[in-house]
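Visitor: Could you walk me through this structure with a few questions and answers?

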Amino acid sequence: VTLNGPTLLVHVLGVPLVERRKYPRYALAVPVTLTCNNATPSAVAAQMIDLSAGGCYFRGALVSDVSRATISFKEARGAPFATGRIVRRGGDPGFAVTFDSIDTEVPRLASCLAILSLGVRSDFVSGFLKPEIALT
């Protein structure tokens, strides 16, 4: 497995496989709080590891019976939001979300992230947009 830019390319016996993701993912290191009103504890610290126009990945503990996530960015006027299904639970602990409903600003936000370095990208998302994640 090798990382080539913002996309992940898998090599099997030296032969690269085709990238299956529709949208490039952009690495982040953004501390977030996962909130779930139907669980104890109702808030858990986590980190947003990457973001794309099609989904994102979080590193952190996940309540076992949740299946959906809503991501909103509260500080910007007309701020982007997205909702999606939790499609993969990692062993690190972590989980992936694939978006099934996004507003028009999410693809624009993702494309803007492409031109920023990891540190600036993370500072922009955490400091300016202030993401909030609700699990259901």
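**A helix, two cysteines and a strand residue**

Visitor: Is Cys112 buried, partly exposed or exposed?
Guide: Happy to help, and please keep in mind that this is a predicted model. Cys112 has a relative accessibility of 40%. Buried would need under 20% and exposed over 50%, so Cys112 is partly exposed.

Visitor: And Cys36, buried or exposed?
Guide: For Cys36 the relative accessibility is 4%. The cut-off for buried is under 20%, so Cys36 counts as buried.

Visitor: How many disulfides are there?
Guide: In general, a disulfide joins the sulfur atoms of two cysteines covalently. The search covered the whole structure, and the number of disulfides it found is 0.

Visitor: Within what arc do the buried residues of helix 1 fall?
Guide: Helix 1 spans residues 105–113, and Val106, Leu109, Ala110 and Leu113 are buried there. Viewed down the helix axis, these buried residues line one face, because they fall within an arc of 100°.

Visitor: Which helix do the buried residues of helix 1 pack against?
Guide: Their partners include several strands: strand 5 (26–35), strand 6 (43–51), strand 8 (68–73), strand 9 (81–90) and strand 10 (94–102). The list also holds a helix, namely helix 2 (118–129).

Visitor: How far apart in space are Ala134 and Arg68?
Guide: Ala134 sits in strand 11 (residues 131–135) and is partly exposed at 32% relative accessibility. Leaving aside neighbours within four places in sequence, Ala134 contacts Thr35, Arg68, Ala69 and Thr70. Ala134 and Arg68 are 66 residues apart in sequence, yet their C-alpha to C-alpha distance is 8.3 Å.

Terms used: Residues numbered from 1 in each chain as written. Predicted model: local features only at pLDDT ≥ 70, side-chain atom pairs only at ≥ 80, totals over all residues. Heavy atoms only, no water. Buried < 20%, exposed > 50% of the residue type's maximum accessible area, 1.4 Å probe, protein only. Helix = DSSP H or I, 4+ residues; strand = E, 2+ residues; numbered from the N terminus. Arc of directions from axis to C-beta. Contact = heavy atoms within 4.5 Å. Disulfide = S-S within 2.5 Å.
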